[in-house]
Amino acid sequence: MKKNKELVEFGLFFAKLREASGFRTKSELADASKVAISTISRIESGTNKVQPNTLKVLAPFLKGISYDELMKKAGYIGTNTEIGTEQSNLDLDDDIREIQRYARKLSAENRKRALKMIKVAFEDAFNKDDEDNEEDDDI
């Protein structure tokens with residue numbers, strides 16, 4: 001099985017970070033964080049991409065780096081060039097899960113109505129952004 005170069009690079013970075021944080025072995029970090037040693041091994045070997053929730057659990061045990069910095073290093077946070085803002089995939093996932101929680105409480109008919117309202121809100125937002133960009137071009 002061929003390993004992804006970015007995963008291997010992150011794994012090497014993570015192993016150095018673990019050691020710099022005072023955990024000489026993967027087992028020590030696993031014991032302290034309650035994350036399975038097999039998960040830590042897969043992260044460090046570059047076998048699997050670390051999940052955001054795992055990074056959230058591990059971040060407090062790693063010195064000199066924040067959860068957001070770990071998310072960037074792992075490739076979860078980047079620049080969305082289409083809208084020109086930095087956007088966390090995790091934040092978007094959290095927003096979607098919140099919408100799902102509300103939607104589950106609705107009847108099928110009310111879910112359809114809510115979806116229509118969301119579509120209108122997005123269309124309005126995109127139209128507003130387009131109008132703002134046109135005004136900038138006029139200046």
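This is a guided tour of a predicted model, going from the whole chain to selected residues.

**The whole chain**

Begin with a cartoon of the full protein, whose secondary structure comes to seven helices and two strands. Followed from the N terminus, the elements run α-α-α-α-α-β-β-α-α. If you colour the 139 residues by accessibility, buried residues make up 24% of them. With a surface switched on, the protein exposes about 10300 Å², of which carbon and sulfur atoms supply 51%. A contact map offers another view: among contacts with a separation of 6 or more, 49% are between residues 24 or more positions apart.

**The nonpolar core**

Next, select Phe-10, Phe-14, Leu-55, Leu-58, Leu-62 and Leu-70, which have the most contacts inside the largest nonpolar core, a set of 21 residues. The elements that give two or more residues to this core are α1 (5-20), α2 (26-33), α3 (37-45), α4 (52-58) and α5 (67-73). Centre the view on Phe-14 and, leaving out residues up to four places away in sequence, you will find that Phe-14 touches Leu-29, Ile-40, Ile-43, Glu-44, Leu-58 and Leu-62.

**Helices α2 and α3**

Now show the side chains of α2, where the buried residues are Leu-29, Ala-30 and Ser-33. Viewed down the axis of α2, these buried residues fall within an arc of 100 degrees, so they line one face of the helix. The partners against which the buried residues of α2 pack are α1, α3 and α4. Step past the end of α2 to Lys-34, which follows the helix and has a positive phi, near 70 degrees.

Move on to α3 and select Ile-40, Ile-43 and Glu-44, the buried residues of this helix. Looking down the axis of α3, you will see them fall within an arc of 90 degrees, so they too line one face of their helix. The buried residues of α3 pack against α1, α2 and α4. Just after α3 comes Gly-46, which takes a positive phi of about 80 degrees.

**The loop between α1 and α2**

Select Ser-21, which lies in the loop between α1 and α2. Is this residue, Ser-21, buried or exposed? Ser-21 is buried, because its relative accessible area is 6%, which falls under the 20% cut-off. Apart from neighbours within four places in sequence, Ser-21 is in contact with Phe-61, Leu-62 and Lys-63.

**The salt bridges**

Switch to the charged side chains, among which four salt bridges are counted. Start with Arg-18 and Glu-44, whose side chains meet in a salt bridge at 2.6 Å, N to O. Arg-18 lies in helix α1 and Glu-44 in helix α3, so the pair ties together parts that are 26 residues apart in sequence. Both partners count as buried, with Arg-18 at 4% relative accessibility and Glu-44 at 11%. Add Glu-19 to the selection, and you have a network of salt bridges that links Arg-18, Glu-19 and Glu-44.

Return to α1 and pick Glu-9, which forms a salt bridge with Lys-5, the closest N and O atoms being 4.0 Å apart. Because they are four residues apart in helix α1, Glu-9 and Lys-5 are separated by about one helical turn. Glu-9 is partly exposed at 44% relative accessibility, while Lys-5 is exposed at 58%. Then select Glu-28 and Arg-24, which form a salt bridge whose closest N and O atoms are 3.2 Å apart. Here Glu-28 is partly exposed, with a relative accessible area of 25%, and Arg-24 counts as exposed at 67%.

**Helices α6 and α7**

For the last stop, go to helix α6 (residues 89-104), where Ala-103 lies. Ala-103 has 22% relative accessibility and therefore counts as partly exposed. Draw a distance from the C-alpha of Ala-103 to that of Ala-114, and the two are 8.2 Å apart in space, while in sequence they are eleven residues apart.

Finish by selecting Ile-99, Leu-115, Ile-118, Phe-122 and Phe-126, which form a nonpolar patch on the surface with about 470 Å² of accessible area together. Which helix supplies the largest share of the nonpolar patch? Helix α7 (residues 108-138) does, with four residues. Ile-99, by contrast, lies in helix α6, and at 46% relative accessibility Ile-99 counts as partly exposed.

Key. Residues are numbered from 1 along each chain as its sequence is written. Side-chain values use heavy atoms; hydrogens and water are left out. Buried means under 20% relative accessible area, exposed over 50%, partly exposed in between (1.4 Å probe, protein chains only). Contact means heavy atoms within 4.5 Å. Accessible areas come from the Shrake-Rupley method with a 1.4 Å probe; for residues, only the protein chains shown count as cover. A nonpolar core is a set of buried Ala, Val, Leu, Ile, Met, Phe, Trp, Tyr and Cys residues joined through side-chain atoms within 4.5 Å. Patches are made of residues with over 30% relative accessible area and no salt bridge: like charges are joined within 9 Å, nonpolar side chains (Val, Leu, Ile, Met, Phe, Trp, Tyr) within 5 Å. The arc is that of the directions from the helix axis to the C-beta atoms.
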